[in-house]
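Work through the following exercises with the sequence and the 3D structure open. Each task is followed by its solution.

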Amino acid sequence: MNLNIERNDNGKTQGLNLAGEIDAYTAPKLKEALLPLTKHEGTTIVVDLEHVNYMDSTGLGVFISALKSTKEYNSDLRLVALQDRVRRLFDITGLDSIINIDSTVRGGK
C-alpha cells in the first residue's frame, strides 16, 4: 500500500493528513513532506494519523528526525488521532514521553 499525504496550510499551523502505511518504502515521501514544515520558527505541525493503519521503525525514525528539527528551529510537532496499533509503537519505544501525542483529537483539517 502507498502513503497519501494531504497538506493543509493554516498560517502558523501546518497540517498533514496521512493515509496508508508508513514503512521503508513510504517513509522517504513522508520525510520529504514533513521536515521542511519544521524549519519555520513558531509553526505548529499537526500530523493526523487517523488513516494510518501500519507503521514500522522507519516511520518512527521520520518522526524522531522531525522532532529534532522542531527543537532546532523552535517549532512544535503534534501527532493526533492515532489508531491503537500505531499508538502502541510510540508507547513501547517510550517516544510517547517526548513527542506530543493526542489520540483523541481529530486534527490537521
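**Exercise 1.** In β2, which residue is the bridge partner of I5?

Solution. The model is a predicted one. Start with the pairing: β1 and β2 are antiparallel and share eight bridges. Within this pair, I5 is bridged to L18 of β2. Next, follow the chain through the hairpin that β1 and β2 form, with two residues between them. In its turn, G11 has a positive phi of about 75 degrees.

**Exercise 2.** Determine how the chain gets from β2 to β3, and how these strands pair.

Solution. β2 and β3 run parallel and are joined by nine bridges. One position to check is Q14, which stands opposite I45 in β3. Between the two strands the chain passes through helix α1 (residues 27-34), giving a right-handed β-α-β crossover. As for burial, taking under 20% relative accessible area as the cut-off, seven of the 10 residues of β2 (residues 13-22) are buried.

**Exercise 3.** Place the strands in the sheet and explain why β1 and β5 have one side without a neighbour.

Solution. The five strands make an open sheet with mixed pairing, in the order β1-β2-β3-β4-β5. β1 (3-10) and β5 (100-102) are at the edges; each has a single partner strand, so one side of each lacks a neighbour in the sheet. From one strand to the next, the twist averages 20 degrees.

**Exercise 4.** Which strands does helix α3 touch?

Solution. Take the pair β3 (residues 44-55) and β4 (residues 76-80), which is parallel over five bridges; here T44 has D76 in β4 as its bridge partner. Helix α3 (residues 84-93) packs on the sheet and touches β3, β4 and β5. The direction of α3 makes about 115 degrees with that of β3.

Key: Residues numbered from 1 in each chain as written. Predicted model: local features only at pLDDT ≥ 70, side-chain atom pairs only at ≥ 80, totals over all residues. Heavy atoms only, no water. Pairing = 2+ DSSP bridges. Helix = DSSP H or I, 4+ residues; strand = E, 2+ residues; numbered from the N terminus. Axes fitted to C-alpha atoms, helices over the stretch in contact; angles between N-to-C directions. Contact = heavy atoms within 4.5 Å. Buried < 20%, exposed > 50% of the residue type's maximum accessible area, 1.4 Å probe, protein only. Right-handed = clockwise from strand over helix to strand, strands pointing away.
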